[in-house]
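Trainee: I should like to request a close look at a single part of this structure. Please describe the surroundings of that part with care, and then place it within the chain as a whole.

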Amino acid sequence: MAAAFSAFVLPKWTDDSSLKSAISWVHNHQLRPINFSTHICVSRAPILRRGNQFKRPVCQSANPAVEIKKQSAVAKSAPVLPFRVGHGFDLHRLEPGLPLIIGGIDIPHDRGCDAHSDGDVLLHCVVDAILGALGLPDIGQLFPDNDPKWRGAASSVFLKEAVRLMHEAGYELGNLDATLILQRPKLSPHKEAIRTNLCELLGSDPSVINLKAKTHEKVDSLGENRSIAAHTIVLLMKK
């Protein structure tokens, strides 16, 4: 049974006559006094009946500020997680006459990524996956594409910084699973070179790095060889 709740706080009474007057007033108004060290808290609420027992709602705290302070303290002390998972995604347009760099490897093709940096779609989404797992800003915030400093920069620079932040936070790479989506060229001849370079940049064993390549069945810009995309999931483990 729900009941409305209202509370009144009166100053502590300093003499017996005043206290008796207050208690008399309380009973006349069907209020229930609750004694605290410095105040009398008076609550008005309908009586709730359950069987032969009668109950009234009572004040939960004499000092709401204390409760708020406790909740803030709990919110600030974030738990140290043994594992963290992050997901990264990136997509770039392919334009004629530009180099196509994937995982730090120059891939022969008649088109390349149009981007502010070298447009390495795989390394970009690996960076975002690591940053996401750590709860940090994404690659576009750390390395904005309107900053001339990053014009034409090798994406390995971004990945090395993400790895540094990962170790600084006390984590190491558990495993990584990446999927590249492009219609052309075929990546089978280049997958091992890409994976080897990725292992070197991450400082990880090849057994924890997995790389897959998919076409887009000639659907939309990815399937028409006008763009390239990548997804990456990483698992970070506490050292």
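Mentor: Histidine 116 touches Pro144, Asp145, Asp147, Trp150, Arg151 and Gly152, leaving aside residues up to four places away in sequence; a contact here means heavy atoms within 4.5 Å. The model is predicted, so local features need pLDDT of at least 70 and side-chain atom pairs count only at pLDDT 80 or more, while totals for chains, interfaces and linings use all residues. Residues are numbered from 1 along each chain as its sequence is written, and side-chain values use heavy atoms, with hydrogens and water left out.

Histidine 116 sits in the loop between β9 (111-113) and α3. Helices (H or I, at least four residues) and strands (E, at least two) are DSSP runs, numbered from the N terminus. With a relative accessible area of 15%, histidine 116 is buried, a term that means under 20% relative accessible area, against over 50% for exposed and partly exposed in between (1.4 Å probe, protein chains only). Its side chain reaches two backbone oxygens: that of aspartate 145 at 3.0 Å and that of aspartate 147 at 2.9 Å. Both are polar contacts, that is, pairs of N or O atoms within 3.5 Å; within protein, one atom must be able to donate a hydrogen and the other to accept it, and residues adjacent in sequence count only if both atoms are side-chain atoms.

Serine 155 belongs to helix α5 and is buried, with a relative accessible area of 0%. The side chain of serine 155 makes a polar contact with the side chain of histidine 124 at 2.8 Å. Apart from residues up to four places away in sequence, serine 155 touches Ser117, Asp118, Gly119, Asp120, Leu123 and His124.

Ser117 and His124 also appear at the largest pocket: of its 15 lining residues, the closest to the centre are Ser117, His124, Ile139, Phe143 and Asp145. On a 1 Å grid over the protein atoms alone, a pocket is an open set of points where a 1.4 Å probe fits, with protein on both sides within 12 Å along at least five of seven lines, and lining residues have an atom within 4 Å of a point. The lining draws at least two residues from each of β6 (83-96), α3 and α4 (139-142), and β6 gives the most, with 3 residues.

Cysteine 125 lies in helix α3 and is buried, with a relative accessible area of 0%. Its contacts, not counting residues up to four places away in sequence, are Gly88, Phe89, Asp90, Ala230, His231 and Thr232. The C-alpha atoms of cysteine 125 and alanine 229 are separated by 9.0 Å, although the two are 104 residues apart along the chain.

Helix α3 has a further part to play in the description, as the source of 11 residues, the largest share, of the largest nonpolar core. Such a core is a set of buried Ala, Val, Leu, Ile, Met, Phe, Trp, Tyr and Cys residues joined through side-chain atoms within 4.5 Å. Ile102, Leu122, Leu159 and Leu202 touch the most other members among its 44 residues. Leucine 159 touches Leu123, Val126, Val127, Ile130, Leu198, Leu201 and Leu202, not counting residues up to four places away in sequence.

For the chain as a whole, there are 7 helices and 12 strands, and buried residues make up 35% of the 239 residues.
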